[in-house]
Amino acid sequence: MRSVSKMADYEFPDTETLEIPHVLSVRTSVYQAHLEADKQLLQTGLFLEQRANNVAYSIYAKTRAPVIAEILKHHSLYSALTKEVAVPLLYVQQAWKLLEFHETGERSYLTTKVDHFTISFGLNKFRHLLGFSSATSRPDTVQFEPFDSIEEALASVRSIGYDGALHAGSSFNKSHLPITYNTLFTILNRCLTGKKTAHDTATHSMMLFFQGVLFNRHYDYAALIFYDFKDLKAKNVNHLAYPRFLSILIPSAMEQNPDIPRRLSSVKVKSFPFQSIRYPPTAFPPEVQLFDELSRLC
């Protein structure tokens, strides 16, 4: 049986399959050289825990509100919800570990490293690579709508039948939503955030995501993700955040820098497919009248 290193570029046969000693010596030396090169990038002991966040959505996921699958299939967020690329876990861990946010005048951008190459992403490039729509993607529009305040977003959520007190973003819980909207919120919150817990609650940015899709607003959704990268790095979270989006960004750097090793036999970043939704036992029935803005997307 052939043994394969998770952290090297090449496969190396077990010693008993090699009959020529000097071949074993040469291949072992090559293996050790690549292993040491990997360790120089990032010690495996520094790898952050990879928990389910930023998962990939599938319209075939089991839900109690199939109309939401039809809505999302035609929504501009569909690519960002579903796109994923298999890349070496080492590069994703390195990219998050070394990620930095910069602001110079009116320009904001992210920098990190892939192998020994520094790469940067401004908001426009970030938006394009992740598959978010541009400001001019809608007919007769040249710019995004300004984001509503959190108070306005909460008022919008209350208007769809939220069955609970909602005086601040911190008081939101998806269990108070009708099943149809509970389903929509769950998909957005699991696929478009980098948090690993508290999936029943919403951050400020996720509340705007939810309100924006509900009312078909022309928001700059990529900006919400872009600045959430900044906020999570500032919090120094102890898990690997946004692994799917990082995996999408990295190949563009590899295309621009052919000298970056492909590490074809390296372990790949783990995929967490969106498969089903766990509903609260007291959830509302799914029969809910979609209002005009949302029903137009079906």
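**A three-stranded sheet and a buried asparagine**

Strand β4 is mostly covered, with six of its eight residues buried. That count, like everything else here, comes from a predicted model. The strand spans residues 107–114 and sits in the middle of an open sheet of three strands, ordered β3-β4-β5 and paired antiparallel. The flanking strands are β3 (100–104) and β5 (117–122); each has just a single partner strand, so one side of each is left without a neighbour in the sheet. As for twist, neighbouring strands here are turned by 30 degrees against each other on average, if direction is ignored.

Now for the pairings themselves, starting with β3. Five bridges tie β3 to β4, and the two run antiparallel. Glu103 is part of this ladder, with Ser108 in β4 as its bridge partner. The link between the strands is a hairpin with two residues between them. One residue to look at in that turn is Gly105, which has a positive phi of about 65 degrees.

On the other flank, β4 and β5 are joined by six bridges, again in an antiparallel arrangement. Two of the pairs can be picked out by name: Lys113 has Thr118 in β5 as its bridge partner, while Val114 stands opposite Phe117, also in β5. These strands form a hairpin too, and here as well two residues lie between the strands. Asp115 is the residue with a positive phi in this case, near 60 degrees.

Away from the sheet, what does Asn54 touch beyond its neighbours within four places in sequence? This residue is found in the loop between α1 (21–41) and α2 (67–73). Being in a loop does not leave Asn54 open to the outside: its relative accessibility is 1%, and because the cut-off for buried is under 20%, it counts as buried. With sequence neighbours within four places left aside, the contacts of Asn54 fall at two places along the chain. One set is made up of Arg190, Cys191 and Thr193; the other consists of Tyr242, Pro243, Arg244 and Phe245. For Cys191 there is some atomic detail to add: its backbone oxygen lies 2.8 Å from a polar atom of the Asn54 side chain. Put together, Asn54 is a buried residue in a loop, with a polar atom of its side chain 2.8 Å from the backbone oxygen of Cys191.

Definitions and conventions:
Residues are numbered from 1 along each chain as its sequence is written. This is a predicted model: local features need pLDDT of at least 70, side-chain atom pairs count only at pLDDT 80 or more; totals for chains, interfaces and linings use all residues. Side-chain values use heavy atoms; hydrogens and water are left out. Two strands pair if DSSP finds at least two bridges between them. Helices (H or I, at least four residues) and strands (E, at least two) are DSSP runs, numbered from the N terminus. Axes are lines fitted to C-alpha atoms, for helices over the stretch in contact, and angles run from 0 to 180 degrees between N-to-C directions. Buried means under 20% relative accessible area, exposed over 50%, partly exposed in between (1.4 Å probe, protein chains only). A polar contact is a pair of N or O atoms within 3.5 Å; within protein, one must be able to donate a hydrogen and the other to accept it, and residues adjacent in sequence count only if both atoms are side-chain atoms. Contact means heavy atoms within 4.5 Å.
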